[in-house]
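Dear colleague,

I am handing over a structure that you have not worked with before, and below it I set out what was found. Please read the notes with the structure open beside them.

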Amino acid sequence: MNRIRRQRLHAIYEQITKLQERLRDMIDEEQAALDNMPESLQTSERGQEMEDAINSMEEAVESLGFAADSIEEVTG
């Protein structure tokens with residue numbers, strides 16, 4: 001792989017890691033909002049939707065991590 005393509009891949013890698021950070025921040029915010037709800041609301045449909053959103057965002061962070069790792073392997 002030539003230098004220019006490596007640089008482009010590195011830029012994508014950096015974007016992915018920034019997206020992971022932003023998602024982690026959103027996960028923390030959503031978890032804090034859920035934790036601050038009364039317990040009766042945490043177990044409600046709305047609370048379950050929040051839990052589902054948190055789980056989906058965590059899966060997205062993990063998937064982005066796999067993508068970043070793959071790019072890192074290519075660019076060595």
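A definition is needed at the outset: a salt bridge here is a side-chain nitrogen of Lys or Arg within 4 Å of a carboxyl oxygen of Asp or Glu. Please also keep in mind throughout that this is a predicted model.

By that rule, the count comes to one salt bridge. The partners are Glu-49 and Arg-46, whose closest N and O atoms are 3.5 Å apart, and this pair counts because the separation falls within the 4 Å that the rule allows. Both residues belong to helix 3, which covers residues 45-75, and they are three residues apart, which is about one turn of the helix. As for their surroundings, Glu-49 counts as partly exposed, at 40% relative accessibility, and Arg-46 is likewise partly exposed, with a relative accessible area of 47%.

Turning to the chain as a whole, the protein has three helices and zero strands, so that, read from the N terminus on, its elements run α-α-α. The radius of gyration is 17 Å, well over the 11 Å that the globule rule gives for 76 residues, and the chain is therefore more spread out than a compact globule. Taken along the principal axes, the box filled by the C-alpha atoms is roughly 60 × 15 × 15 Å. Of the 76 residues, 20% count as buried.

Helix 1, which spans residues 3-35, is the place of Asp-28. This residue is one of the members of a patch of negative charge on the surface, in which Glu-21, Asp-25, Asp-28 and Glu-29 gather. Is Asp-28 buried or exposed? With a relative accessible area of 52%, Asp-28 is exposed, because the cut-off for that class is over 50%. Along the chain, Asp-28 and Ile-54 are 26 residues apart, while their C-alpha atoms are separated by 8.7 Å.

Ile-16 also lies in helix 1, but its setting is buried, at 10% relative accessibility, since that value is under the 20% that defines the class. How far apart in space are Ile-16 and Asp-35? From C-alpha to C-alpha the distance is 28 Å, with their positions 19 residues apart in sequence.

In helix 3, to which the salt bridge has already drawn attention, you will also find Met-50. Met-50 counts as buried, at 5% relative accessibility, whereas Glu-49 in that helix is partly exposed. The C-alpha atoms of Met-50 and Phe-66 are separated by 25 Å, and the two residues are 16 apart along the chain.

If you would like a place to begin, you might look at the pair Glu-49 and Arg-46 in helix 3, and then at the negative patch that includes Asp-28.

With best wishes

Technical notes: Residues numbered from 1 in each chain as written. Predicted model: local features only at pLDDT ≥ 70, side-chain atom pairs only at ≥ 80, totals over all residues. Heavy atoms only, no water. Patch = residues over 30% accessible without salt bridge, like charges linked within 9 Å, V, L, I, M, F, W, Y side chains within 5 Å. Areas by Shrake-Rupley, 256 points an atom, 1.4 Å probe, with all protein chains shown as cover. Lys, Arg positive; Asp, Glu negative; His and termini not counted. Charge placed at Lys NZ, Arg CZ, Asp CG, Glu CD. Helix = DSSP H or I, 4+ residues; strand = E, 2+ residues; numbered from the N terminus. Buried < 20%, exposed > 50% of the residue type's maximum accessible area, 1.4 Å probe, protein only. Rg over C-alpha atoms; globule rule 2.2 N^0.38 Å.
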